[in-house]
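Trainee: Got a minute to walk through this one with me?
Mentor: Sure, put it up.

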Amino acid sequence: MTTAGTRLHITGASGAGCSTLARGLAVRLASQCFDTDDFYWHPSDPPFSRKRPPEERLALMAEIFLPRSDWILAGSLLGWGEPLVPRFTHVVFLTLPPAQRLARLRRRERLRYGDAILPGGPQAGAHRAFMDYAMGYDSPDFTGRTRVKHELWLEELPCPVIRLDSSVAPDLLADRVIEALDQTVGAA
């Protein structure tokens, strides 16, 4: 498969494996991956505490990777990234049962922050708020990013959407994306 001109957006709930898949695909497709969090948030200590304005996020993306012929973007841009939609050649939507997804997030957060997220730790409040946010994804009444909002957004996309369950090993998941890309390229 040739990847020239392939611009993938990989999205789903926090903990679904979007960033992991993007990194694996970037290696296999000889492309570069980027994460929406790197544009959404200002670098800070502690991380993920200072948001950039949407216009600044988009300008930074335009400067760093949008002009390239191929790239992979992981994460969510619901509510602020609509100008990017016409640039996508494909969107990969990852799903994962909530219990698995939340277990992944707990492991990731523990590796990232260690004891700082334990009750009384300096990151305990931020960790609890993030986990509450992540748990809200599957509730249609939640005010943040939800599965319902993602589904509505996906229905409006002008490009093919590849839907995958991310409970399989990352290498197998990457195989499935590549197979789906080959099918859509072959059908064009």
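**Sheet first, then a serine**

Mentor: Strand β4 (residues 90-95) runs parallel to β5, and 5 bridges join the two. Strands pair here if DSSP finds at least two bridges between them. Helices (H or I, at least four residues) and strands (E, at least two) are DSSP runs, numbered from the N terminus.
Trainee: Which residue stands opposite Val-91 in β5?
Mentor: Val-161.
Trainee: What can I trust here?
Mentor: This is a predicted model: local features need pLDDT of at least 70, side-chain atom pairs count only at pLDDT 80 or more, and totals for chains, interfaces and linings use all residues. Residues are numbered from 1 along each chain as its sequence is written, and side-chain values use heavy atoms, leaving out hydrogens and water.
Trainee: In what order do the strands of the open sheet run?
Mentor: β2-β3-β1-β4-β5, 5 strands with parallel pairing. The edge strands, β2 and β5 (161-165), each pair on one side only.
Trainee: New topic. Where is Ser-31 found?
Mentor: In the loop between α1 (18-29) and β2 (33-35).
Trainee: Is Ser-31 buried or exposed?
Mentor: Ser-31 counts as buried because its relative accessibility is 15%. Buried means under 20% relative accessible area, exposed over 50%, partly exposed in between (1.4 Å probe, protein chains only).
Trainee: And what does Ser-31 contact, leaving aside neighbours within four places in sequence?
Mentor: Ala-26, Asp-70, Trp-71 and Ile-72. Contact means heavy atoms within 4.5 Å.
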